[in-house]
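This report covers a sheet, a helix that lies across it, and the enclosed cavities. The structure comes first.

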Amino acid sequence: MKLCYFAKATSIGPSSRYRIYQYLPYLQSQGVETHVYPLFGPGYFRLLRWRVKWVQAIGKSLYTSLRFVKRAIDVFSIGPADLIVVEGPLFPYCAPLIERALARRYRLILELDDAIYLTRSHGQKIPILLRLSAGAIVGNAALAQYASSYTSRVYIVPTVVDTERFRPQKDKVSSRAMDDGRELRIAWIGLAFNFPCLEMLVPVFLKLQQEYRIIIRVISALPPVLPGVKMEFRRWSFESEVQDLQSCDIGVMPLTDTEWARGKCGLKLLQYMAVGMPAVASPVGVNRDIIREGENGLLAVTEDDWYRQLALLCHDSALRKRIGASARRTVEARYSLKKWGPQLVERYRAIVAEGKQASSGCPISQSVIP
């Protein structure tokens with residue numbers, strides 16, 4: 001089977017890295033020939049760090065134009081393929097003309113791991129792409145519910161992590177801050193686009209830092225502005241992200257309860273849990289499914305909730321250890337690459353088989369959302 005991906009980005013993009021690139025070694029080990037054609041590369045993410053907005057806008061326009069030309073060349077040079085997987089729109093913000101041409105020649109699957117249909121111009125385009133496609137692979141039930149309005153074949157494949165790479169640190173010391181004077185580190189990892197969610201916790205962090213020796217470690221492309229908060233910034237890199245998380249004590253994933261947030265797939269929460277770190281998260285979207293309150297994590301809604309839950313973990317090293325160990329087991333059992341690699345291959349093969357049945361005139365049974 002030959003499989004072609006049209007990814008949003010190279011592996012530097014978190015969505016593409018976790019939805020596509022991390023699966024490639026397993027797919028290839030199963031005899032699946034894979035080719036990936038990314039739209040954006042590292043240059044695009046460097047542009048996002050430019051501080052002068054009008055200069056950034058010009059740079060993004062020029063860069064995007066060049067990348068669109070490269071993508072058009074890729075589309076018309078792929079040759080024979082059993083399945084084409086498109087991560088979001090093939091050409092963002094453009095009319096779906098090339099997608100229509102591609103769907104006439106190939107069996108097309110749309111890959112969604114966030115609520116991109118809520119963004120400007122995509123509200124009209126994504127339904128068209130879903131109708132053109134042979135089906136959709138989505139990251140959670142909220143996305144599945146949306147996609148099922150436009151296609152009968154929707155497959156849920158959650159965002160997962162490689163538990164061989166994201167592992168607890170051996171012999172990690174996570175004692176009470178007040179006992180040995182060591183600072184506890186509360187971690188947040190993510191794109192700068194999501195800083196507003198982190199900023200919601202500034203009052204909580206300030207109150208905690210009056211009572212405990214804690215430092216907030218932010219792992220991202222840019223440092224956030226958290227007035228008055230003692231913060232430690234680590235620039236994200238693939239090589240250092242695991243170690244940067246392993247040396248922290250508590251993870252946080254604050255979200256506002258919006259339709260956009262309900263489309264998220266809980267990646268940062270799973271990263272914390274995979275390294276055996278207890279986490280506090282907003283009970284929004286898949287976070288409700290991932291966390292079993294008090295067992296493998298803690299949930300918080302109000303500012304008081306966040307303070308109480310984080311203070312509880314700061315104060316009790318045994319609780320951190322117990323919840324962290326349970327969190328790791330949850331990821332191994334339900335959200336690991338090892339578990340979902342075989343299931344993704346089965347889904348691809350089933351979609352290809354359905355296409356062959358359709359071309360031979362045999363009836364095709366309707367798929368259901370798992």
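## Sheet

Two strands count as paired if DSSP finds at least two bridges between them. Strands (E, at least two residues) and helices (H or I, at least four) are DSSP runs, numbered from the N terminus. The model is predicted: local features need pLDDT of at least 70 and side-chain atom pairs pLDDT 80 or more, while totals for chains, interfaces and linings use all residues. Residues are numbered from 1 along each chain as its sequence is written, and side-chain values use heavy atoms, without hydrogens and water.

Strand 7 (residues 184-189) runs parallel to strand 8 (residues 214-220), and six bridges join them. One partnership is that of L184 with I214 in strand 8. Both strands belong to an open, parallel sheet of six, ordered 9-8-7-10-11-12. Strand 9 (231-235) and strand 12 (298-299) are at the edges with a single partner strand each, so one side of each has no neighbour in the sheet.

## Helices 10 and 15

Helix 10 (residues 202-211) and helix 15 (residues 303-315) have axes, lines fitted to C-alpha atoms over the stretch in contact, that come within 9 Å and cross at roughly 35 degrees. Angles run from 0 to 180 degrees between N-to-C directions. In contact (heavy atoms within 4.5 Å) are, among others, F205 and L208 of helix 10 and W306 and L310 of helix 15.

Helix 15 also lies across strands including strand 7 and strand 8, and runs at about 165 degrees to strand 10 (250-253).
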